[in-house]
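Me: Could you take a close look at a single part of this structure and walk me through it carefully? I am in my first year, so please explain each step.

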Amino acid sequence: MADEMQSRTIHAAAIRERAEAEMKAMGVDDAFISTLVDTFYARVLAHPELGPIFDARLSGRWPEHMEKMKSFWSAVAFRSGAYGGKPVQAHLGVANLTPELFPKWLELFAATLDDIAPNAWFMETAERIARSLTLSLFYNPALDDPALVPGANASASARKV
């Protein structure tokens, strides 16, 4: 068991070292992440649709949220495992949040990257995150299979009679 734990620790350290080298080669460091997050959320707040949703949810808690987002992006970029939040749970029940807002969020993120330093890795990662959140928050299997819609079998049976 001790050998397995040591092997996992060595493996995790190797992953972090590789990620740090990759990020360094792209010019990504803590200052980059801080600028990205600060610039992006300033744009989110100024956005006519996203701003009110975020501000209502985070009113009085913006400094904590900004630090959490910097920690999140740092953990993702450097694969540190340091972020312990629960993004899906954090977004559950957010008033007026709809799947149609995620492309707008991505547009702002892309514009931010374009302005501070174009970075395909961050954009691809943001797209994966948006896709994952959208599926986790809004996916309805009935959209893929109408037979799964509650009452669909009853109404189909009734039409056959």
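**A close look at Asn119**

Reply: In this predicted model, Asn119 has a relative accessibility of 8%, and because buried means under 20%, Asn119 counts as buried. Asn119 is found in the loop between α6 and α7, and a polar atom of its side chain lies 2.9 Å from the backbone nitrogen of Phe122. Leaving aside residues up to four places away in sequence, Asn119 touches Met26, Val28, Phe32 and Leu113.

The two helices on either side of that loop, α6 (101-116) and α7 (120-138), are among the elements that give two or more residues to the lining of the largest pocket. This pocket holds about 730 Å³ of space, and of the 33 residues that line it, Tyr41, His65, Met69, Ala90 and His91 are the closest to its centre. The element that gives the most to the lining is α4, with 6 residues, while by class the lining has 23 nonpolar, 4 polar and 6 charged residues.

Another helix that gives two or more residues to this lining is α3 (50-58), whose buried residues are Leu50, Gly51, Ile53, Phe54 and Leu58. These residues lie on the same side of α3, because they cover an arc of only 170° around the axis. As a rule, an α-helix has 3.6 residues a turn, so residues three or four places apart point the same way. Among what covers the buried residues of α3 are α2, α4 and α6, and just after α3, Gly60 takes a positive phi of about 80°.

Key
Residues are numbered from 1 along each chain as its sequence is written. This is a predicted model: local features need pLDDT of at least 70, side-chain atom pairs count only at pLDDT 80 or more; totals for chains, interfaces and linings use all residues. Side-chain values use heavy atoms; hydrogens and water are left out. On a 1 Å grid over the protein atoms alone, a cavity is a set of points where a 1.4 Å probe fits but cannot get out, and a pocket is an open set with protein on both sides within 12 Å along at least five of seven lines; lining residues have an atom within 4 Å of a point. Grid points are joined across faces, edges and corners, and a volume is the space filled by probe spheres set on the points. Helices (H or I, at least four residues) and strands (E, at least two) are DSSP runs, numbered from the N terminus. Ala, Val, Leu, Ile, Met, Phe, Trp, Tyr, Cys and Pro count as nonpolar, Asp, Glu, Lys and Arg as charged, and the others, Gly among them, as polar. Buried means under 20% relative accessible area, exposed over 50%, partly exposed in between (1.4 Å probe, protein chains only). The arc is that of the directions from the helix axis to the C-beta atoms. Contact means heavy atoms within 4.5 Å. A polar contact is a pair of N or O atoms within 3.5 Å; within protein, one must be able to donate a hydrogen and the other to accept it, and residues adjacent in sequence count only if both atoms are side-chain atoms.
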